[in-house]
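User: I would like to understand the labels on this model, and the reasoning behind each one. Please take me through them.

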Amino acid sequence: MSMPSDSVPPDRRSRKRLATRQGISNVATRLFLERGFDHVTVDEIAAAADVGRMTVFNHFPRKEDMFFDRDEEGREMLREALRQRHPSVSPIETLRLLADQLVAEESPYLRFTARSQSFIETIEASDTLKARARAIRDEIAHVVAVALSECVGRKPDDPNAHLAAGILLATWTVGFIQAHRAFRQRQDTEEAKAVFLAAVDKGTTGLNAALAGTPYA
């Protein structure tokens, strides 16, 4: 006889919830890539994932959250890199090293392949996804600004931290777009990686110059 749902251990409930969330996300992403974001309904996602419509919304308040389902994970990764920063390494250099690490590990955030190209093309074909991508970029800039200020003992509204975060996000965004453009033209993953890292290196040089004399550089 199975236990009542309220008697299920919390860790098992948590695993079940995460599995349901991942299942919905996987189905939604497949449908979005196959048919385009704007041509897939929440009802169709629920049916394909074999869950109810309200279950979908319990996990993803907005349809676009199913597409950008690793957003919070990415923010925490940036926070953690700065929390774990070695005292001998500046915050700006810490984030440059993070970019190198993510590219070397072929992180899903910085992967330049045919599949990731499909992901980018799906965004480009949807005004809703493009708007959400811009909003996420701005939100991450704020997260980085706060994390930068905290890691050097400054207040969260420190102007230098927000300047650094703005330049950093602009650099990574431009590098990301240029890298995907390079991959689209030549289907060369290694070249795309090099394009992204070259942009990050240039941005880091500019950041160090702009923030010289502050604890961030």
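Analyst: Happy to. A helix here is a DSSP run of H or I with at least four residues, and helices are numbered from the N terminus. The model is predicted. With that in hand, H9 supplies the largest share of the lining of the largest pocket, nine residues.

User: How many helices and strands does the chain have?

Analyst: There are 10 helices and zero strands. Read from the N terminus, the elements run α-α-α-α-α-α-α-α-α-α. Along the principal axes, the C-alpha atoms fill a box of roughly 65 × 45 × 30 Å.

User: What makes a residue count as part of the lining of a pocket?

Analyst: A lining residue has an atom within 4 Å of a point of the pocket. In the largest pocket, 45 residues line the space, and Phe 68, Tyr 109, Phe 119, Ile 123 and Phe 176 lie nearest its centre. The volume of the largest pocket is about 1,700 Å³.

User: Which helices each supply at least two residues of the lining of the largest pocket?

Analyst: They are H1 (10-35), H5 (71-83), H7 (114-124), H8 (127-151) and H9 (159-186). Sorted by class, the lining of the largest pocket has 22 nonpolar, nine polar and 14 charged residues.

User: How many residues of each class are in the lining of the second largest pocket?

Analyst: Four are nonpolar, one is polar and nine are charged. The residues nearest the centre illustrate the sorting: Arg 21, Asp 65, Phe 68, Asp 71 and Glu 72. Asp, Glu and Arg count as charged and Phe as nonpolar, so Phe 68 is nonpolar, whereas Arg 21, Asp 65, Asp 71 and Glu 72 are charged. This pocket holds about 170 Å³ of space and is lined by 14 residues. H5 gives the most to the lining of the second largest pocket, with four residues.

User: Why are H5 and H8 called roughly parallel?

Analyst: Their packing angle is about 20°, with the axes 9 Å apart. Angles under 35 degrees count as roughly parallel, and therefore H5 and H8 are roughly parallel to each other. H5 passes H8 in a right-handed crossing. On the H5 side, the contact is made by Asp 71, Arg 75, Leu 78, Arg 79 and Leu 82, and on the H8 side by Arg 132, Ile 136, Glu 139, Ile 140, Val 143, Val 144, Ala 147, Leu 148 and Cys 151. The classes in that contact of H5 with H8 are nine nonpolar, no polar and five charged residues.

User: What makes H5 oblique to H6, then?

Analyst: The axes of H5 and H6 come within 10 Å and cross at roughly 130°. That value is not under 35 degrees, not over 145 and not in the range 65 to 115, so it falls to the remaining class, oblique. H5 is oblique to H6 on that basis. The crossing of H5 and H6 is right-handed. Met 77, Leu 78, Ala 81 and Leu 82 in H5 meet Pro 91, Thr 94, Leu 95, Leu 98 and Leu 102 in H6. The residues of this contact divide into eight nonpolar, one polar and no charged.

User: And how do you know that H6 is roughly antiparallel to H10?

Analyst: H6 (residues 91-104) and H10 (residues 189-210) pack at about 180°, with their axes 10 Å apart. Since angles over 145 degrees count as roughly antiparallel, H6 is roughly antiparallel to H10. Seven nonpolar, two polar and five charged residues make up the contact of H6 with H10. In H6, the residues involved include Ile 92, Arg 96 and Val 103, and in H10 they include Phe 196, Val 200 and Asn 208.

Terms used:
Residues numbered from 1 in each chain as written. Predicted model: local features only at pLDDT ≥ 70, side-chain atom pairs only at ≥ 80, totals over all residues. Heavy atoms only, no water. Axes fitted to C-alpha atoms, helices over the stretch in contact; angles between N-to-C directions. Contact = heavy atoms within 4.5 Å. 1 Å grid on protein atoms, 1.4 Å probe; cavity = no way out; pocket = protein on both sides within 12 Å on 5 of 7 lines; lining within 4 Å. Points joined across faces, edges and corners; volume = space filled by probe spheres on them. Left-handed = near helix turned anticlockwise from the far one by under 90°.
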